[in-house]
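Me: I've got a protein model open and I'd like to walk through its architecture with you. Can we do it as quick questions and answers?

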Amino acid sequence: KNSIKAMEKELVTCSLQGKEKAALKRSQIFQIPGGKDSETKVIVVLGKAGMGKSILVQKICQDWSNGEFSQFEFVFWFDCKQISLPEKRYSLKDLLLEFFVKPQEGSKEIFEYILQNPTKVLLLFDGFEGLHDHENFPRCSASQPEKDLCSIKELLSGLIQKKILNGCTLLLTARPKDKVYQYVSKVDKTIEIVGFSPQQRELYITKYFEGLPYCDNALKLIKECEYLFSHCYSPLMCRFVCFLCETVLETGDKSLPSTLTTVFLKFVQQKIIPMKTDITAMRNQESLATLARIAWYLGEKHRSAMKSNLLPSKEVKEFALKHGFFLPFAFPRHSDSEEEEFGSTFSDFVIQNFLGALHLMSAEEIKDKSLIKYLSFPSKKKKPYNWLDLVPRFLAGLLFLQDDPYFCSLSNEDVKQSTKKQKTLLKYIRRLQINELCPERLLDLLHCIYETQSNYLLQHVALRLKPDLSFLGVVLTPPDVHVLHYILKRSRKEFSLDLRNSSIDLQGLKDLVGLKNVASFRASLSDTVRLWKSLEQTEDYELLRASTEKFVLDPFKAKTMKDISDLSDLVEMQEKMTNCVQDASGCSSYEIPAIKNLRKLEFALGPVCGLQGFLKLVEILAAFPSLQHLDLDALSENGIGDEGAKSLSEVFPTLTSLETLNLSQNKITDVGAEKLATALPSLSSLKTLSLYNNNICDFGAENLAKVLPAMSSLRVLDVQYNKITGVGAQQLTDSLRKCPHIKNLVMWNPTIPYGVLEHLQQLDSRISV
């Protein structure tokens, strides 16, 4: 399970540049190197709600119908929220040939052909999160799952377990935080949809308004509202913002709403605007209240669809369909005589969230104190209360909109009651230990506070943020960065930010780093170098200088070849920086503080890339004048061997500050030890040298013994777990007599007879085992 979690984490937190390099074309989605044709292949597409997973699935179907993906003769596409109602049961035949497509004739023969040729079948399950709630995913227990009636969970379980249609290809879409890997034991490929870049946002908005007289105005208006523009990284949100902008421009307004809550309040109000009479207005208000209750009720069950006959009235059903809040669909029939049943599903996730919040805000049965459990921000990494994770943001926003005319037209909420609810929220936030929140919950809180637009709350939170804010490994979306920037700006404190592996985009990194009260920051090296190159190109030398002063690198751990090449880019950047600074200020030299102040460098590339990566690292080691600790001891063993030891020894004269050198577990033999020994005296500050668990024999020990007296700064030498015998041990002990500066020689080796080592220990108490 831990390795599965690690894999999932790795996927969603690689640096921005890493993601771009791994960008996929649709034609590559089903390419799985080394996959067996005879086995079921599982592909998972991750992406937040509204990122375009459903559009991708539809596009795959369209591409297939146009002759692409010719390896599949059959493609079946299922919307999980429609097929996941717990009371519904299907056989595989029902699912394929009733729910998705109904052949005019020959159903039996087609189904038999599918069973005999599973490798030619692609099954697309869109919205996998709709299939798992609080229960565990069941195992498929049906004896004939192809023909027996099962729940959709059992059928999908049978497909994943390869009990049904073994050899087919399964593509599942899900949200990144959903526990896909808990239910799917083997995933052959994982892809993530990360949304629009700023350029793609502009392109979408331009295309949306193409041909309209206010096309240029629309883009300008949206970009001016930075918060809404940041939300346009999500295709779904981008569509909502464009729709609203269109409405605003048609009515002659000059500005867009400033929060998501006001956007969706206006969106809903625009949908139901034709209120010609008070009676219509009252009916619409009642229908909306009923729909909001349904949104919340389904959300609590992790669902967004229901049978249409369960809707309380014909009016509510017509209202929901007419205004686009619901989409209809039909269930498969088990026989022609059976009456056709219909279902309804919320048109999208955000609308369901907004209506759910509207219900919590307006429902009389939900008292002010019970609201807190829906708004809670647990300090530990617990899951928030509800599946509808945008509800707290909308709820916080609505609590501060009780006097808004739009809100009053949608809700029959008693103003007195809503004031009490607002006071309850204020009291809760005042008591909250903000500096103890984990990064994910802190971001949730910042979004909620932003939605209130309450100066008091914004200031309250800004003053209580801890000065060291780490978002290490937490994905920061453009809206996350916007609210973080907005609130940090209000604080009088100085902050230190850790943004490594947060997938922060270039503009977000620039905005946060540019804040005067951000005193220092850490970020992925590649993203930082990219930022500096961009600032250099735009000749923004002031911010370039400021951001290099703030950047922190120490300690640095290299785990991949990319880390080494990024470090090389950083060193190369220093040369360019010298030229920039020289031009701007007349100084003849400039050292990037992060390079100048790097004290500890860990190298952990493992045996496959260890030597190759280390040889590249050695080329730039001289650029770090303050390097005190070089650690090559990794659990996976780097194995730099004699070649690595030789190339390292050649740069020893430049490592004047080095105090600790750890070369443990690196397959160094006598050859490498001899090269090291020759150059070791030039390490004028070296205090600790570890050669633990290598392949050094007596010849290597003899060479080390010769140079020990010349290494006046050395205090500790560790040569245990090598292949030194009593002869080499004696030579090291003899040398030790001439080295009063050495405090400890760790020398236990399985090849030294115990009696010999004990005798040497008695001769010199500095020898330890």
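**Sheets, helices and a few oddities**

Reply: Sure, let's start with a sheet: five strands form an open sheet in the order β2-β3-β4-β1-β5, with parallel pairing. Strands here are DSSP runs of E with at least two residues, helices are runs of H or I with at least four, and both are numbered from the N terminus. Two strands pair if DSSP finds at least two bridges between them. This is a predicted model, where local features need pLDDT of at least 70, side-chain atom pairs count only at pLDDT 80 or more, and totals for chains, interfaces and linings use all residues. Residues are numbered from 1 along each chain as its sequence is written, and side-chain values use heavy atoms, leaving out hydrogens and water.

Me: Which are the edge strands of that sheet?
Reply: Look for strands that pair on one side only. Those are β2 (74-79) and β5 (189-192).

Me: In β5, what is the bridge partner of Ile43?
Reply: Strand β1 (residues 41-46) pairs with β5 in the parallel sense, over four bridges. In general, strands of a sheet pair through backbone hydrogen bonds, either parallel or antiparallel. Opposite Ile43, the bridge partner in β5 is Lys189.

Me: What is the order of strands in the open sheet of eight?
Reply: Its edge strands, each pairing on one side only, are β12 (556-558) and β19 (767-768). Inside it, β15 (residues 660-662) and β16 (residues 688-690) pair in the parallel sense over three bridges, and Thr660 stands opposite Thr688. With parallel pairing, the order is β12-β13-β14-β15-β16-β17-β18-β19.

Me: At what angle do α16 and α18 pack?
Reply: We compare axes, which are lines fitted to C-alpha atoms (for helices over the stretch in contact), with angles from 0 to 180 degrees between N-to-C directions. For helix α16 (residues 349-362) and helix α18 (residues 391-399), the axes are 8 Å apart and the angle is about 50°. That makes α16 oblique to α18; angles under 35 degrees count as roughly parallel, over 145 as roughly antiparallel, 65 to 115 as roughly perpendicular and the rest as oblique. So the pair, oblique by that rule, packs at about 50°.

Me: How many nonpolar residues are in the contact of α16 with α18?
Reply: Contact means heavy atoms within 4.5 Å, and the residues meeting there include Phe354 and Leu358 in α16 and Phe394 and Leu398 in α18. Ala, Val, Leu, Ile, Met, Phe, Trp, Tyr, Cys and Pro count as nonpolar, Asp, Glu, Lys and Arg as charged, and the others, Gly among them, as polar. The contact has two polar residues, no charged ones, and a nonpolar count of 11.

Me: Which residue does Arg393 meet in a salt bridge?
Reply: A salt bridge is a side-chain nitrogen of Lys or Arg within 4 Å of a carboxyl oxygen of Asp or Glu, and the structure holds 17 of them. In this one the N to O distance is 4.0 Å, and Arg393's partner is Asp444. The partner lies in helix α21 (residues 439-452) and Arg393 in helix α18, so parts 51 residues apart in sequence are tied together by Asp444.

Me: Which residues does the cis peptide bond join?
Reply: Most residues other than glycine have a negative phi, and most peptide bonds are trans. Here Pro555 sits in the loop between α26 (541-550) and β12. With omega about -10°, the cis bond joins Asp554 and Pro555.
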